[in-house]
Amino acid sequence: MLSIQLRNTKEAPQECTPNLLPCRIDHDGPVNASRRYWAPEHDKDGNLEAYFRGRKLKGREVALPEGYKGVVVKEAATEDETQQRNTERLRRRQLEEQDMDEDEEDDEEEVKMLEEVANFKEFIVWGHEAVADGDDAFVKGVEEWIGFAAAMHAPGIDVGNEKKAGT
């Protein structure tokens, strides 16, 4: 289970615009990218265009629906939580060494604490030489699935009591 906690500082989280690139980068932290290496611009059609390591990318800005907020989070590990995890690991090892049955073990669900680092109202989905279309998972998630979920959970619709036509 995940739990998102607000920052303990009085300053608000910074606003950002995440960029979802069509590649894997083995880095998960801030980058001091200069305009020389990352300079998205609008092309003649109004789409975003950039070059990353010599490859042409086309971007699509996707706005979150009203009432939604995107957040960038990082794992919040305090000294107490780190010590608690280490104690839990040691306890699990001891249980394994004693060769206990799985039925006798506690099925406590681990709760990971996440801290909000930044928030956003839109993000950019990039594609290789083409703009991400409606079949892109991120675009579809925002444009279709959020509305679909809201319609499914709307009050006042009782599908179970509807009569079928012709009966």
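Let's say that two residues are in contact when heavy atoms of theirs lie within 4.5 Å. Keep that in mind as we walk through this protein, which is a predicted model.

Start with Glu49, which sits in strand E5, the stretch covering residues 48-52. If you skip the neighbours within four places in sequence, Glu49 is in contact with Ala39, Pro40, Glu41 and Asp43, with Lys56, Leu57 and Lys58, and with Trp126. One of those partners deserves a second look: the side chains of Glu49 and Lys58 are joined by a polar contact of 3.4 Å.

Now zoom out for a moment. The protein has two helices and nine strands. Reading from the N terminus, you go through β-β-β-β-β-β-β, then an α, then β-β, and you finish on an α. How much of the contact pattern comes from residues 24 or more positions apart? Counting contacts with a separation of 6 or more, such residues account for 76%.

Trp126, already met as a contact of Glu49, leads us to the aromatic rings. There are three aromatic pairs in the whole structure. In one of them, the ring centres of Trp38 and Trp126 are 5.3 Å apart and the planes are at 75 degrees, so this pair counts as edge-to-face, a label that takes an angle over 60. The two partners come from distant parts of the chain, 88 residues apart: Trp38 is in the loop between strand E3 (19-20) and strand E4 (41-42), while Trp126 belongs to strand E9 (residues 122-128). Are these two tryptophans buried or exposed? Both Trp38 and Trp126 are buried. They also have company, since ring pairs link Trp38, Phe52 and Trp126 into a cluster.

Another edge-to-face pair is made by Phe120 and Phe123, with 6.4 Å from centre to centre and 85 degrees between the planes. Here the burial comes with numbers. Buried means under 20% relative accessible area, so Phe120 makes the cut at 12%. Phe123 has a relative accessible area of 6%, so Phe123 is buried too.

What share of the protein's 167 residues counts as buried? The figure is 18%, and the tryptophans and phenylalanines just described, Trp38 and Trp126, Phe120 and Phe123, are among the buried ones. As for the outside, the accessible surface of the protein comes to about 14000 Å², and carbon and sulfur atoms make up 48% of that.

Key
Residues are numbered from 1 along each chain as its sequence is written. This is a predicted model: local features need pLDDT of at least 70, side-chain atom pairs count only at pLDDT 80 or more; totals for chains, interfaces and linings use all residues. Side-chain values use heavy atoms; hydrogens and water are left out. Helices (H or I, at least four residues) and strands (E, at least two) are DSSP runs, numbered from the N terminus. A polar contact is a pair of N or O atoms within 3.5 Å; within protein, one must be able to donate a hydrogen and the other to accept it, and residues adjacent in sequence count only if both atoms are side-chain atoms. Rings of Phe, Tyr and Trp (its six-membered ring) pair if their centres lie within 6.5 Å; planes under 30 degrees apart count as stacked, over 60 as edge-to-face and the rest as tilted. Buried means under 20% relative accessible area, exposed over 50%, partly exposed in between (1.4 Å probe, protein chains only). Accessible areas come from the Shrake-Rupley method with a 1.4 Å probe; for residues, only the protein chains shown count as cover.
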